[in-house]
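Biologist: I should like a close look at one part of this model, namely the lining of its pockets and the segments that supply it. Please define each term as it arises.

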Amino acid sequence: MDITIRQENLEDIPQVQKLIEKAFENVEHSDGSEPFLVEKLRKSKNFIPRLSLVASGVGNEIAGHILFTPIEIVRDDGSSQKSLALGPVSVLPTYQNKGIGGLLIKRGHDIAKELGFTSIILLGHPQYYPKFGYKPASLWNIKAPMDVPDEAFMAIELYPNALADASGCVKYPPEFGI
């Protein structure tokens, strides 16, 4: 399969919205809000177009999408450290388990580094994300702003020791509804 990871463009949006809907259609933990979240994030002041990526190359079909959004890790003293939230990552069911999600994640990591970000936080499957270097965020004393399983709230340092002083609670943009 010849897949290209590229920045999403305006013409992609309708297809991407349908892709996200299909990708989460039968996912047990999904409430179906993922397409609406992506739409809200695209319209927000926090949206970074370079961090909204698609996997294309399967005919004219877009097989996958990923979005990274700026967040903050707020320390007890009120100071904060910038980071990114990964999510959602969406792959059409017919293309799942073919490495497309991994390609999107890895390319997103590269672009995040180019843009000066040093870490990424996510809430996701504890069996999937560790293969990309994600570890429980609690290892850095980073907490979620809501009650989630420790093993599902993860972080990655894009540079060594990037989270060494990041202890605190993640603050998501209002679009996340948290």
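Modeller: Helices and strands are here DSSP runs, numbered from the N terminus: a helix is a run of H or I of at least four residues, and a strand is a run of E of at least two. The model is a predicted one, in which local features need pLDDT of at least 70 and side-chain atom pairs count only at pLDDT 80 or more, whereas totals for chains, interfaces and linings use all residues. Residues are numbered from 1 along each chain as its sequence is written, and side-chain values use heavy atoms, with hydrogens and water left out.

A pocket is found on a 1 Å grid over the protein atoms alone, as an open set of points with protein on both sides within 12 Å along at least five of seven lines; its lining residues have an atom within 4 Å of a point. Grid points are joined across faces, edges and corners, and the volume is the space filled by probe spheres set on the points. The largest pocket holds about 1300 Å³. Its lining comprises 39 residues, and Phe24, His29, Glu34, Pro88 and Leu123 lie nearest the centre. Two or more lining residues come from each of α1 (13-24), α2 (34-42), β4, α3 and β5 (119-123). The largest share, 7 residues, is supplied by β4. By class, the lining divides into 22 nonpolar, 12 polar and 5 charged residues; Ala, Val, Leu, Ile, Met, Phe, Trp, Tyr, Cys and Pro count as nonpolar, Asp, Glu, Lys and Arg as charged, and the others, Gly among them, as polar.

Strand β4 therefore deserves attention, as the element with the largest share of that lining. Pro88 is placed in this strand, which covers residues 80-91. The peptide bond between Gly87 and Pro88 is cis, with omega about -5°. Most peptide bonds are trans. Ser83 also lies in β4. Ser83 is buried, at a relative accessible area of 0%; buried means under 20% relative accessible area, exposed over 50%, and partly exposed in between, with a 1.4 Å probe and protein chains only. The side chains of Ser83 and Ser119 are joined by a polar contact of 2.7 Å, a term for a pair of N or O atoms within 3.5 Å; within protein, one atom must be able to donate a hydrogen and the other to accept it, and residues adjacent in sequence count only if both atoms are side-chain atoms. Beyond its neighbours within four places in sequence, Ser83 is in contact (heavy atoms within 4.5 Å) with Thr69, Pro70, Ile71, Ile73, Phe117, Ser119, Ile120 and Ile121.

After β4, the chain enters the loop that leads to α3 (100-114), where Asn97 is found. Asn97 has a positive phi of about 65° although it is not a glycine, and this residue is exposed, with 82% relative accessible area. In helix α3, the buried residues are Ile100, Gly101, Gly102, Leu104, Ile105, Gly108, His109, Ile111 and Ala112. The expected span of a helix is 1.5 Å times one less than its number of residues; for the 15 residues of α3 this gives 21 Å, and the end C-alpha atoms are 21 Å apart, in agreement. Just after α3, Gly116 takes a positive phi of about 95°.

The second largest pocket has a volume of about 200 Å³. Its lining consists of Lys45, Asn46, Pro70, Ile71, Glu72, Lys82, Lys171, Tyr172, Pro173 and Pro174. Strand β3 (residues 61-74) contributes the most, with 3 residues. The classes here are 5 nonpolar, 1 polar and 4 charged. Ile71 belongs to β3 and is buried, at 4% relative accessibility. The C-alpha atoms of Ile71 and Gln81 are 8.6 Å apart in space, with their positions 10 residues apart in sequence. Leaving out residues up to four places away in sequence, Ile71 touches Gln81, Lys82, Ser83, Leu84, Ala85, Ile121, Val170, Lys171, Tyr172 and Pro173. Ser83 of β4 thus recurs here, as a contact of Ile71.

Definitions and conventions. On a 1 Å grid over the protein atoms alone, a cavity is a set of points where a 1.4 Å probe fits but cannot get out, and a pocket is an open set with protein on both sides within 12 Å along at least five of seven lines; lining residues have an atom within 4 Å of a point.
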